[in-house]
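Reader: Could you take me through one part of this protein in close detail? I would like to see how a single strand sits among its neighbours.

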Amino acid sequence: MYYLYRFCSRFFFFFHQTDFAFVFLNRSSILIISDPKATLNSLPAYLWRDESTDFRQGVNFAVSGATALNNSFFLEMGLQDLSTNVSLGTQLRWFKDILPSLCSSNSSDCSREFLQSSFVLMGEIGGDDYNAALLGGIKPDEVKPYVPGVVREIASAIEELIKLGAVTLVVPGNFPIGCLASYLTYFQSSSQHDYDTDTGCINWLNDLAKYHNRLLQKELNRIRKLHPHATIIYADYYNAAMRFYRSPNKYGFRGEALRACCGTGGPYNCNTSIPCGYLPATPCKDPSLYVTWDGLHLTEAAYQLVAQGILQGPYSTPPINTICPLASTSSGGLLL
């Protein structure tokens with residue numbers, strides 16, 4: 001089941017590193033929907049293209065595990081088993097290569113007009129950078145110093161898109177990763193000081209996400225001053241999701257907020273070496289009762305509520321529904 005809100009004159013989505021960005025994709029990176037009649041299943045994958053591939057209805061740049069920072073950065077840190085060598089910069093180059101083909105003509109004015117009439121959503125960039133390091137064995141105190149580099153890469157991509165013509169952009173922060181079953185399993189601690197007494201989430205991991213979000217908002221303020229003609233909206237994924245962990249029953253999550261729906265047992269029903277989809281991991285009977293799907297991603301029920309919180313308020317700055325009126329919503333399919 002997918003949920004998509006229709007607004008503005010054209011849909012134009014940049015997804016990165018998580019499967020929530022108004023529609024749900026598995027570890028997606030960049031998705032462009034440029035044709036109102038396009039559906040998720042009809043979008044061709046950029047890496048599977050051939051000479052006959054038509055990108056005018058849209059293109060999916062999704063790459064599992066794509067990071068903001070270049071692969072060489074992680075190799076220098078000693079991480080050899082990354083799932084991909086694709087970074088945000090790589091995907092942005094791919095996009096620039098196919099941008100002319102999305103227009104009715106090959107002129108630069110057409111490309112600029114296309115972006116000017118588009119709504120651009122930068123996904124939760126940075127998530128896979130931190131996943132790769134933290135779950136790859138890098139010490140937590142060695143991860144925080146490269147958060148500024150991740151944020152700079154995001155800012156650079158935003159400024160590049162504005163130069164290309166984008167004028168309406170949504171830039172999300174990171175989720176509260178200290179509440180995710182994968183991290184709770186990997187970093188189990190006997191010290192109660194590591195955990196939030198109200199939610200059971202790991203404090204220092206959520207502090208890392210909040211640090212990323214503070215730096216990102218500071219960069220967005222800088223970019224707003226440099227490009228006052230552009231509308232840059234910050235989407236507060238962190239607090240939009242945090243309410244589920246504080247009051248899970250209020251939002252219908254009765255399957256234990258910190259346990260994964262699909263997993264292998266244990267206190268958080270999660271084993272970081274056996275992902276969902278591989279035996280003996282099995283899904284729960286009703287995912288809508290859970291916040292977390294597989295330990296790293298939320299369930300569709302949770303993502304739907306995050307989407308509503310971003311689009312209808314109060315988790316966007318400035319409020320997104322004052323920029324683009326919401327035309328309609330749909331559940332059970334893509335409404336385009």
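**A close look at strand β6**

Author: Happy to! Five bridges tie β6 to strand β7, residues 231–235, and the two run parallel. This is a predicted model, so everything here is read from computed coordinates. Within that pairing, Leu169 has Ile232 of β7 as its bridge partner. Leu169 also serves the pairing with β5: there, Val120 stands opposite Leu169. Strand β5 spans residues 119–122 and is joined to β6 by two bridges, again in a parallel arrangement.

Now for the strand itself. β6 covers residues 168–172, and five of its five residues are buried. In a regular strand the side chains alternate between the two faces of the sheet. Here, Thr168, Val170 and Pro172 point one way, while Leu169 and Val171 point the other way. Residues on both sides of β6 are buried, Thr168 as well as Leu169.

For a helical counterpart, try α4, residues 127–134, where eight of eight residues are buried. Among them are Asp128, Asp129 and Asn131, along with Tyr130 and Leu134. The cover over the buried residues of α4 includes α1 (71–76), α5 (140–143), α6 (147–164), α7 (181–186) and α8 (203–226).

Finally, the wider setting: the protein has eleven helices and nine strands, and 54% of its 336 residues count as buried. Among contacts with a separation of 6 or more, 67% are between residues 24 or more positions apart. The accessible surface comes to about 14,900 Å², with 47% of that belonging to carbon and sulfur atoms.

Conventions
Residues are numbered from 1 along each chain as its sequence is written. This is a predicted model: local features need pLDDT of at least 70, side-chain atom pairs count only at pLDDT 80 or more; totals for chains, interfaces and linings use all residues. Side-chain values use heavy atoms; hydrogens and water are left out. Buried means under 20% relative accessible area, exposed over 50%, partly exposed in between (1.4 Å probe, protein chains only). Helices (H or I, at least four residues) and strands (E, at least two) are DSSP runs, numbered from the N terminus. Two strands pair if DSSP finds at least two bridges between them. Contact means heavy atoms within 4.5 Å. Accessible areas come from the Shrake-Rupley method with a 1.4 Å probe; for residues, only the protein chains shown count as cover.
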